[in-house]
Structures are given as structure tokens and as C-alpha cells.
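Me: I am new to this structure and would like to learn how to read it. Could we go through it feature by feature?

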Amino acid sequence: MPRTYQHDVLVIGSGAAGLSLALHLPADCRVALLSKADLNQGSTYWAQGGMAAVLHDRDTVAAHVEDTLSAGAGLCQREAVEFTVSNSRRCVEWLVSQGVDFDLREDQSENREFHLTMEGGHSHRRIIHSADRTGRAISEVLTEKAQAAANIEIFTHRVAVDLIHADGRCQGAYILDQKREHVDLFQARAVVLATGGASKAYLYTSNPDGASGDGIAMAWRAGCRVANLEFNQFHPTCLYHPKAKSFLVTEAVRGEGGKLLLPDGTRFMHGFDPRGELAPRDVVARAIDHEMKRLGADCLYLDISHQPRDFLESHFPTVMQRCRELGMDMAAEPIPVVPAAHYTCGGIIVDTAGRTDLPGLYAIGETSCTGLHGANRMASNSLLECLVYAESAAADIAAKLASLPLPSAVRPWDESQVTDSDEDVVISHNWDELRRFMWDYVGIVRTNKRLERALHRVTLLQSEIAEYYGNYKVSNDLLELRNLAMVAELMIRCAMERKESRGLHYTLDYPQQLAAARDTVLTPSNPALQP
Ligand SMILES: Cc1cc2nc3c(=O)[nH]c(=O)nc-3n(C[C@H](O)[C@H](O)[C@H](O)COP(=O)(O)OP(=O)(O)OC[C@H]3O[C@@H](n4cnc5c(N)ncnc54)[C@H](O)[C@@H]3O)c2cc1C
């Protein structure tokens, strides 16, 4: 039988954003923390490079702000950038106080000086890290803290289906219990979407399963505006192996002198950008895409074999290990790489406290659009954004909690009209089709014609999915497909609205950048749902 749960705050997502928000809430606030798989299955766990923060003596908040604005190609909101960067040191201190073990400089360890790496777009060494397993270090420590907190109740393998809004407020969500196969009702005075990005819309992605944009789709259906979804970041260097899932080779490999090579061993990046391999990700991804298409190559190569083996083992143990598993040795030879969808820069529009258009609903982390990333996210600013906005949203919720109304009575999920599906092949077929046409038509280089084709196809898919959704019991695969198709449509519509090339959005039909930078804002068309 379906159940009803009541908490003060419902946090949907257990990545860096959701976990830290839950931990920042006051100890007397009853929190439900949800994850649709195990707690560590989001992108956070896989983050390798680290988190950007102003920590070095010679670095300044102003320099970090300017680098972020420059990477964002004129579209960042200065207020959001300054807010995020000026809170970076405090967030690092908070993570350290929770027990996250960041690498220290070998020569200075007594003074606790952090080892900082360099990444594309940054003018200083400012990436704090834990070898190349930074996300895992953060995730494990915060998970342990959340499990020990008496006020946080953790629910895994629960998939949020849709938000509940009544009396002009968000009051909870319908949640599929994957083990019991029932849709339960979770009621709360405030709801936080911390559901991560939507890179699984693409055939090749560095993201784990589950990055299906559920939060963006749910917020859109609940009447919230979304913005800048045309800016999909493609990571330039994922390890290429025809039989292995995409595996990311951290930017820090190029930061430590890794060179990109054509199949004949020639370096090529300086022909595209004077910064060479340290140019921002979009420039490097486009250059690799261009060279692969020009040469008809399956992949290009990344060479860091000039660095000593010990150095590579201590700085990049995860990448070295993965290479070994696939029969490659990064210390002895160039490794094959290709670009893959990596980060969703746009998302649900929020203010500096993570508030969305719907009262009572917050969005933090990759699912949100804070204005920090603009048209292109600078490397390692995303974990920082998760931490900073988790803290500010928690403070806003805590300040209001006593005055927030208790949720009103809501009807439970109705399954009386649906049956078990006998044709799951429809879901898997549509999954493949969606991700393939997004890769081919809405990928690194776009055109009007390709976008029109993609919109046509996604509209057809959506009507098939709607019919399926109306007739059969929901499953995680069906929910993810429904959300991905929704978010794919929003990505395509955003891309069609932008009549220029800027940051991560590059189209052959409008190769120039316009003088004025404008966000692409989409508003739900159902007037009853509008804020
Ligand atoms: C391979 C890789 C390397 C990266 N490296 C870096 C890096 O070095 N530095 C950096 O700053 N950034 C990096 N990033 C990006 C960064 O990791 C992510 O942007 C960030 O971790 C997102 O955190 P999040 O909390 O918003 O979401 P996630 O960590 O993705 O967590 C999402 C959570 O939401 C849950 N969820 C989603 N939908 C539902 C639903 N419908 N119902 C219930 N639960 C749901 C998931 O189960 C999960 O718990 C990397 C990303 C990848 C994939």
C-alpha cells in the first residue's frame, strides 16, 4: 500500500548539494533526504579534479571572479559570481571541519597549506583536491555525517515523480519506492531539488546513470521558469574505448602538461587558441571535434608520458587504474580520448538563496541556473556552487521554517487506471533514439536544420511517452525517459532561440557573437501554473 510521510524539509538528491544542505539545516528540523539509487550514485562521487576556491596567497576574489566572467562569455551574472567566489574559502573550511581530507603541499604540510592545481580558464592555481578522487572524498564524508545525524531520515531507491503544489506553494512530492513498487506521498513545508544535471540526454556522456534532468522537468511541470539550457558542456577528454563506458580524464592532466595529439603525433591546439591545451573546455572540445571530423578519426590522443610514473600515480591514481584495466599505460604512451556531454550549465532559475519561482521550492547544484556559469562553466566551479548555494538555501529555509504552513491534505497517487507494461522495448528503443539524435543534431556544432529535425523527433517521442505514461505503471526507466524527453525539448527550444554563437553554443548558421548578451529564459505556457 502507498504510504504518507511528513517532514519539515524534503531534499531530493544526495550529491554534494543535497547532502550539504541537509547538514546545514538546524538539528531540530526533520529532514527527508532522498536518492533514486544508492547515496553515492550522483555525479558528485565521480568528480576528479577538485573544487575551485581562493586559497593561494597570490590569488584574489577579484581574479577568480574575472576568470569566471571571462569563461562565461558575457552571460554570467556578476552578483552570483561574486557571491559564490567570496564564499569559497568558508566552504572549504566547512568541508575540512566535516573531515574531508584535501591534499596538502608536500613541503608545507605542517602549515596545512593545500596543494592547489591549475585548470583551464583559471589564471591561478586554485583547485583544492583529494588526489583525483575529490568528489568521492566529499561524498563519503558528508554521507557518513548525514547517516549519523538524528534529524535526517535517509531514503534510497526512491524516485521523485512530480512535485505537489497547493495553495500557491510547493508542499511535497510523489515518490516511487522502487523496491515496493508503490508511489508514496512525501509532504513537507519546504522542498529542495538537488537532482543534478541532464547530460544523459546525449549518447556519449561522462555522467553516471541517473543524470536525466528530473529536477528540471519536475520544476518546469510545476510552473517554474528555466534558462540557458542550450549551454551543454562537452568535456574534451573522455577515455575512448569502443567497449567501455565513457570515463573522464580530468582537466588537471592537461594542467600538469598533458599534450593533445593527432593520430600521427602532431600537436594541434595552438592552431586553435594561443592558450593551447589550457584553453577553456569548449574551445578544446570543438577543436578535437573539428580534427576528428576532418580526419575521420575515432579519437585523438592525450600524452603526459613525460611526467614521472610516481607523479602520475600520486596525482591521478583513478585515471591510471582505469587505463590499466583497459590495457593502457598513461606513464608510457599517449591515451585515446574523445569529447562527451559533461555538464548542464542552464537549469531552474533561482536567486542567491536557491529560491525558485514556486514558493516553498528551492533548487541547488547542477539542476539550478544561478547565473554563475553563464554561457560556459569554468572547470571546478560546480562543486563550489553546490556548497555555496546549499548553505544559503539552508539558511533561508531555517529562517522561515517556523512561519511556513503545514502541508494541506493531498490526494494520494492514483494507480487504479493503469496496468503493468508488457512492452518495455518501447522505453529502451525511445531512450536510444533520443540520445542519438541529441548527439547528432544538438551536439558540439549545431545548425538551424539540425535543431528543427531534433524538435520534430522529440515532439513525436513525447506523444508516445505520454500515451505510455497514461496507461502503464511508472518505473524508473519510464520516469527518466519522460523527463529526458522534456528536458531535451527545453534544450532544443533554448538553442533555437539563440541567434548567435556564444560560449558552449556554437551554430554554423550564426557563427558570430552578438554585442548584447541575453539569457534564454523559457516560461511554462500553462497560465494556471505560472508564477
Ligand atoms: C566524471 C565527472 C567529473 C567531474 N569533475 C568535477 C570536478 O573536478 N570539479 C567540479 O567542480 N565539478 C566536477 N564535475 C561536476 C560535478 O561533479 C557536478 O556538477 C556536481 O557534483 C553535481 O552535484 P549535485 O549535488 O548537483 O548532483 P549529483 O551529485 O549528480 O546528485 C544528484 C542526486 O539526485 C538524485 N536524484 C536525481 N533525480 C532524482 C529523482 N527523480 N528522485 C530522487 N533522487 C533523484 C540522485 O540519485 C543523486 O543522489 C564532474 C562531473 C562528472 C560527471
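Reply: We will take the ligand site, then the core, then two single residues. Keep in mind that this is a predicted model.

Me: Let us begin with the ligand. How many residues surround the ligand, and which are the closest?

Reply: The shell around the ligand holds 35 residues, and the closest are Thr44, Gly50, Asp214, Glu366 and Ser382. By type, the shell divides into twelve nonpolar, 18 polar and five charged residues.

Me: Which helices and strands each supply at least two residues of that shell?

Reply: Two helices and two strands can be named: helix H1 (16-24), helix H11 (381-400), strand S7 (158-166) and strand S15 (335-344).

Me: What polar atoms lie close to the nitrogen and oxygen atoms of the ligand?

Reply: Look at backbone and side chain separately. From a side chain, a polar atom of aspartate 214 lies 2.7 Å from a ligand nitrogen. From the backbone, a polar atom of alanine 160 is 2.8 Å from a nitrogen of the ligand, and a backbone N or O atom of serine 380 lies 3.5 Å from a ligand oxygen. As for cover, the ligand taken alone exposes 1000 Å², and the protein buries 97% of that.

Me: Now the core. Which residues of the largest nonpolar core touch the most other members?

Reply: The general idea is that in soluble globular proteins nonpolar side chains tend to be buried together. Here the largest nonpolar core has 75 residues, and Leu10, Leu163, Leu193, Leu361 and Met438 touch the most other members. Helix H14 (residues 476-497) gives the largest share of this core, 13 residues.

Me: Why does this core lie between domain 1 and domain 3?

Reply: It lies between them because both domain 1 (4-230 + 345-403) and domain 3 (424-510) give residues to it.

Me: Next, a single residue. Is threonine 356 buried or exposed?

Reply: The relative accessible area decides this, and buried means under 20%. Threonine 356 has 12%, so it is buried. Threonine 356 is found in the loop between strand S16 (347-349) and strand S17 (361-363). Its side chain reaches the backbone oxygen of leucine 361 at 2.8 Å, and a polar atom of that side chain lies 3.1 Å from the backbone nitrogen of leucine 358.

Me: And proline 339, is it buried or exposed?

Reply: The same reading applies. Proline 339 has a relative accessible area of 5%, so it is buried. Proline 339 is found in strand S15. Its C-alpha atom is separated by 9.2 Å from that of leucine 248, and the two residues are 91 residues apart along the chain.

How values were computed:
Residues numbered from 1 in each chain as written. Predicted model: local features only at pLDDT ≥ 70, side-chain atom pairs only at ≥ 80, totals over all residues. Heavy atoms only, no water. Near = heavy atom within 4 Å. Polar contact = N/O pair within 3.5 Å; in protein donor to acceptor, adjacent residues only side chain to side chain. Areas by Shrake-Rupley, 256 points an atom, 1.4 Å probe, with all protein chains shown as cover. Helix = DSSP H or I, 4+ residues; strand = E, 2+ residues; numbered from the N terminus. Nonpolar A, V, L, I, M, F, W, Y, C, P; charged D, E, K, R; others polar. Core = buried A, V, L, I, M, F, W, Y, C linked by side-chain atoms within 4.5 Å. Buried < 20%, exposed > 50% of the residue type's maximum accessible area, 1.4 Å probe, protein only. Domains from an automatic or database assignment.
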